[in-house]
Amino acid sequence: MNTKERNRERVSASEMREFQIKVYQKNGEAEFIQCFIKNISESGMAGFVTGTLDLKESDLISGVIEGEDFNIKIRYEGTISWVKAGVDSIQFGVTFAKEIMLPDVLIARLMAVA
């Protein structure tokens with residue numbers, strides 16, 4: 001990932017608690033993983049889950065970022081860029097195959113914390 005992409009504004013976990021990452025496909029096979037968002041930008045996101053996680057670097061995933069309270073579903077495809085085990089959770093990064101468009105509610109949250 002180049003510096004330009006990494007320096008993009010990101011919305012962090014405290015502003016994202018109403019949104020979840022849902023993985024429906026991994027490497028072309030049906031899968032269901034539900035995670036919490038740590039941060040997000042147009043080019044990628046980071047998520048975390050307590051317990052185990054069956055994802056590894058370079059896995060191709062697709063699914064939705066969902067905010068049920070806001071009636072938002074953002075479809076995405078991407079590649080797992082990193083996976084890190086913590087004390088009580090597993091974190092991971094996703095680089096989107098193509099940039100996503102963040103909805104107004106996320107842009108407003110991004111501007112509020114800037």
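## Salt bridges, strands and an aromatic pair

Let's start with a charged contact: Lys73 and Glu66 form a salt bridge whose closest N and O atoms are 3.3 Å apart. Keep in mind as you look around that this is a predicted model. The two partners sit in contrasting surroundings, since Lys73 is exposed with a relative accessible area of 59%, while Glu66 is buried at 7%.

Glu66 has another partner to find. Lys22 also forms a salt bridge with Glu66, and here the closest N and O atoms are 2.4 Å apart. Lys22 lies in strand S2 and Glu66 in strand S5, so this pair ties together parts that are 44 residues apart in sequence. Lys22 counts as buried as well, at 10% relative accessibility. Add Glu68 and you have the full group: Lys22, Glu66, Glu68 and Lys73 are linked in a network of salt bridges.

A search of the whole structure finds five salt bridges. One of them joins Asp54 to Lys26, with the closest N and O atoms 3.0 Å apart. Because Asp54 lies in the loop between S4 and S5 and Lys26 in strand S2, the pair ties together parts that are 28 residues apart in sequence. Asp54 is exposed, with a relative accessible area of 51%, whereas Lys26 counts as buried at 12%.

Now step back to see the whole chain. The protein has two helices and seven strands, and from the N terminus on its elements run α-β-β-β-β-β-β-β-α. Of its 114 residues, 43% count as buried. Among contacts with a separation of 6 or more, 60% are between residues 24 or more positions apart. The accessible surface comes to about 6,900 Å², and 49% of that belongs to carbon and sulfur atoms.

Strand S7 is a good place to look next. S7 is mostly covered, with six of its seven residues buried. Six bridges join S7 to S4, and these two strands run antiparallel; Val49, for instance, has Ile90 in S7 as its bridge partner. Seven bridges join S7 to S6, again in an antiparallel arrangement, with Lys84 and Gln91 as one of the partnered pairs. S6 and S7 form a hairpin with four residues between them.

What sits in the largest nonpolar core? This core has 24 residues, and those that touch the most other members are Ile21, Met45, Leu53, Ile65, Tyr76, Phe92 and Ile100. Strands S2, S3, S4, S5, S6 and S7 each supply at least two residues of the core.

Tyr76 deserves a visit of its own. Tyr76 is buried, with a relative accessible area of 4%, and its contacts beyond four places in sequence include Ile21, Lys22, Met45, Ile65, Phe96 and Ile100. Lys22 in that list is the residue you met in the salt-bridge network.

Phe96 takes us to the last stop. The structure holds four aromatic pairs. In one of them, Tyr76 and Phe96 are tilted, at 6.0 Å centre to centre and 50° between the planes. Tyr76 lies in strand S6 and Phe96 in strand S7, so the pair ties together parts that are 20 residues apart in sequence. Phe96 is buried too, with a relative accessible area of 7%. Besides Tyr76, Phe96 touches residues including Ser41, Gly44, Met45, Ile65 and Gly78. Met45 and Ile65 are both among the core residues that touch the most other members.

Technical notes:
Residues are numbered from 1 along each chain as its sequence is written. This is a predicted model: local features need pLDDT of at least 70, side-chain atom pairs count only at pLDDT 80 or more; totals for chains, interfaces and linings use all residues. Side-chain values use heavy atoms; hydrogens and water are left out. Buried means under 20% relative accessible area, exposed over 50%, partly exposed in between (1.4 Å probe, protein chains only). Contact means heavy atoms within 4.5 Å. Rings of Phe, Tyr and Trp (its six-membered ring) pair if their centres lie within 6.5 Å; planes under 30 degrees apart count as stacked, over 60 as edge-to-face and the rest as tilted. Accessible areas come from the Shrake-Rupley method with a 1.4 Å probe; for residues, only the protein chains shown count as cover. A nonpolar core is a set of buried Ala, Val, Leu, Ile, Met, Phe, Trp, Tyr and Cys residues joined through side-chain atoms within 4.5 Å. Two strands pair if DSSP finds at least two bridges between them. A salt bridge is a side-chain nitrogen of Lys or Arg within 4 Å of a carboxyl oxygen of Asp or Glu.
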